[in-house]
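I opened the file to look at helix packing, the contact between chains and the confidence values. My entries follow in the order in which I looked things up.

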There are 2 protein chains.
Amino acid sequence: MKGLLRSALNGDVTAVARLLTRVEAPGDGAREVHEAAFPHTGKAQLVGITGPAGAGKSTLISKLAASLASDEQRVAIIACDPSSPNSGGALLGDRIRMHELVANQQIFVRSIATRDSTGGLPLAAFRAADIFDACGFGTVIIETVGTGQNQVDIMQAAHTVVAVSAPGLGDDIQAMKSGLLEIADIHAVTKSDFSGASRTLLEIQNAVHMRHRTTEAPPAWTPPVIAINGLSGDGVTDLQQAMHSHYGHLTESGEMQIRCQRMFRERIYREATRLLTQTFETTPDKQMADKLQQVMQRKMTPAQAARAILS
Amino acid sequence: MKGLLRSALNGDVTAVARLLTRVEAPGDGAREVHEAAFPHTGKAQLVGITGPAGAGKSTLISKLAASLASDEQRVAIIACDPSSPNSGGALLGDRIRMHELVANQQIFVRSIATRDSTGGLPLAAFRAADIFDACGFGTVIIETVGTGQNQVDIMQAAHTVVAVSAPGLGDDIQAMKSGLLEIADIHAVTKSDFSGASRTLLEIQNAVHMRHRTTEAPPAWTPPVIAINGLSGDGVTDLQQAMHSHYGHLTESGEMQIRCQRMFRERIYREATRLLTQTFETTPDKQMADKLQQVMQRKMTPAQAARAILS
C-alpha cells in the first residue's frame, strides 16, 4: 500500500484511481488507506457545485474544469449520483458528458453513488475528496443535486459553495426558494443566452442584496452573481476568478479556520453515526439475539441492551 | 421512588402521572424509573392509531376509549403532538377535546411533544407506553399523524395498527397513497354519515383485497375495513371487537412473538442512536476541541476522532 500511496502522491493517475477504489471499498482496508493519505490533505480548494436538476451543472463543470486545467493545475470532479431509478437516466447522461473530460490528463472524474437522493452526501465523497487533495489536485469539485439534505451536506464538504440556477426551469427564483441563498458563496446563472436569463440574474442579485441589507454588520463577502453560457464558455473565467477570490477571502479573514472546524465537527459526528450502524451490523447474531431475548423477557430495558451492545 | 412505583402499580392515578413526568424528564432519573417499571410490562395491548390530519382520529379515539373503559378496563391515550407552528392549532384543539375524557377515571390522556413532524415518534412515547402497561392499563392507544417517519415508527410501537381514513379530504384513496395500506391491521373509515364515505370504504376494501390477492399464501389476517361515525359512535364497538380479534390472532398464530422482536430490535437501535447523540452532547468542550484540533492538524482522521470520543 505504501508504494501505491507514494505513486499516487507523486501524481500517478492510475495509482490515484486505485487508491480511490480502495477507499470506497467496505472494510478496514478503506480506513487504512484513508488514514495514510489524510496527513497529506489541506492544500486543495474544495468547491461544492449544487443546484436543481436541469440547471446545466455538468456542462458548466466540464467547461470550468477545462479552464482550471489550462492553468496547469489538476482538477478533480466528484459527481454524486443518486441511484434513484427516477433520475438515473439524466444523471447517466451527465456522467457520459463529463467522461469526455477523461481524455484530458489534468482532469479526473469520479462518480459516487448515493444510496438515495434524500440521504445526503455519502461519506465516500468526503474520503474521495481527501484522496484527490492529498494527491495534489488543486481544485476538487463536488457536484450534488441541490435538494434537501444534500444542500446542508455540501456545506460540510466544501470551502466554497457555488449555487447554479437557470432560467426557464418553471420557477425563476429557484435559488431563493430552495434555500440555496443561505449557503451560496457564489451564484452562477447558466444558459445566459436563454430568454429570461437576465431576469433570473437580476432576481438573484436583488435577493443577495436584500439578504445582506438585513444583516447588521456589513458582510465581509458578498456572493457575486455570474452569468454563464455553458456552451460557449462565456463567464466561466469569471466564475474561476470568483472562486479564487473567495478562497483568498477565506484565508485572509480567518473564516477558513472557522469553516474547516465546522466541516470537521459535522464529519466526526457522521463518522460516529456510521460506526454505530456498523457496530449493530457486525454484532454477532447470537449476541444480538441474546440481548433481544433478555429484553423480551423484561430482564433488561432496550436502553440497557443498546448500552451493552455498544460497549 | 419505590413507594411511588408501588402506588402506581397498584393503580393510583396520581402516582402514574408522577411516574410519567419522571420518565419524560432528561437525565438518569428517567432511566431509573423506566428500568424499575419495565419488568412489569407485557400485558397491555398497544394500539397505534394513525391517519392524516382531519380524518377525525381524536373524536374516534374519545369514543373508542369510552367504549373500552365501560368494559372495566383502564385505557391510556398517548397523543403525539408535532410542535410545529403550522399544525399547533389543530392539535391543541384535539388535545382539549380529548382532555374531556380526563373526567373519566378509567381513562388517562398524555400528550407528548415531538420535536418536529418529520422526526417520527419520540422515545418518550415508547417509555410512556411502558409505564401505562406496567401500571395495569389494558389498552394503550398511541395516536400519531400518519406521515413519513411516523408511519414507520408506529409499527415499532404498536401490536395493532389502526389506519384512519375519511371521505372528503380531497383524495379518497389516502390510505393507499400514504402507504397506510402497508402497515394497517385494521382500517377505520370515519365520518360514515358523510357523502362519499361508502365510496371510500369500498375503495379501501378493494385495495385490501387486491393486496392480499397478490401475495402467494392466503393471508392469516385480512385487515377488516370498518365504517365509523365518530359523533354517534356507530361502528366503535366493531372497531373494539376487531382490535380484540387481532390481539387474539397475534397471540394464537405466534405472530406476537415476531412483532415484539421486531419492535424491540428497532427500539434498541434507536436507544443506541440516542446514546450516541448524548455522548456527543456531553463530551466536555475541551475534549471535543482537542480532538477537532488534532483533525485540523491532520494528526488523526475524522473517523479516528469519532472512535476516540465514543470510547
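Entry 1, a helix pair. I began with helix 11 of chain A and helix 12 (residues 255-282) of chain A, whose axes come within 5 Å and cross at roughly 95°. Angles of 65 to 115 degrees count as roughly perpendicular, so I noted the two helices of chain A, 11 and 12, as roughly perpendicular to each other. I then listed the residues that meet. From helix 11 of chain A they are His249(A), Leu250(A), Thr251(A) and Ser253(A), and from helix 12 of chain A they are Glu255(A), Met256(A) and Arg259(A). I sorted this contact by type and got two nonpolar, three polar and two charged residues.

Entry 2, confidence. This is a predicted model, and I read its scores as ipTM 0.81 and pTM 0.72. Chain A has a mean pLDDT of 83, with 84% of its residues at 70 or more. Where in chain A is confidence lowest, and where is it highest? It is lowest in helix 5 (residues 88-99) of chain A, at a mean of 48, and highest in helix 11 (residues 236-253) of chain A, at 96. I also marked residues 84-93 of chain A, where the pLDDT is below 50; this stretch has eight contacts in the model beyond near neighbours in sequence. Predicted coordinates should not be read in detail where pLDDT is low.

Entry 3, the two chains. I counted 33 residues of chain B in contact with 32 residues of chain A. On the chain B side, helix 3 (28-37), helix 12 (255-282), helix 13 (285-296) and helix 14 (302-310) each give two or more residues. Helix 12 of chain B gives the largest share, 13 residues. By type, the chain B side holds 19 nonpolar, six polar and eight charged residues.

Next I superposed the copies. A turn of 180° and a shift of 0.1 Å along the axis lay chain B on chain A with an RMSD of 0.1 Å. The two copies are therefore related as by a two-fold rotation axis. Both copies use the same surface, as 97% of the contact residues of chain B recur in chain A.

Entry 4, positive phi. I looked up two residues other than glycine. Arg298(A) has a phi near 60° and lies in the loop between helix 13 (285-296) and helix 14 (302-310) of chain A. Arg298(A) counts as partly exposed because it has 14 C-beta neighbours inside 10 Å. Lys191(B) has a phi near 55° and sits in the loop between strand 6 (186-189) and helix 10 (197-214) of chain B. Lys191(B) has 24 such neighbours inside 10 Å and so counts as buried.

Note on methods: Residues are numbered from 1 along each chain as its sequence is written. Chains are lettered from A and ligands numbered from 1 in the order in which they are written. This is a predicted model: local features need pLDDT of at least 70, side-chain atom pairs count only at pLDDT 80 or more; totals for chains, interfaces and linings use all residues. Two residues are in contact if their C-beta atoms, placed from the backbone, lie within 7 Å. Ala, Val, Leu, Ile, Met, Phe, Trp, Tyr, Cys and Pro count as nonpolar, Asp, Glu, Lys and Arg as charged, and the others, Gly among them, as polar. Copies are superposed by least squares on the C-alpha atoms of residues with pLDDT of at least 70 in both. pLDDT is the predictor's confidence in each residue, from 0 to 100. Axes are lines fitted to C-alpha atoms, for helices over the stretch in contact, and angles run from 0 to 180 degrees between N-to-C directions. Angles under 35 degrees count as roughly parallel, over 145 as roughly antiparallel, 65 to 115 as roughly perpendicular and the rest as oblique. A residue is buried if 20 or more other C-beta atoms lie within 10 Å of its own, exposed if 12 or fewer, and partly exposed in between; C-beta atoms are placed from the backbone.
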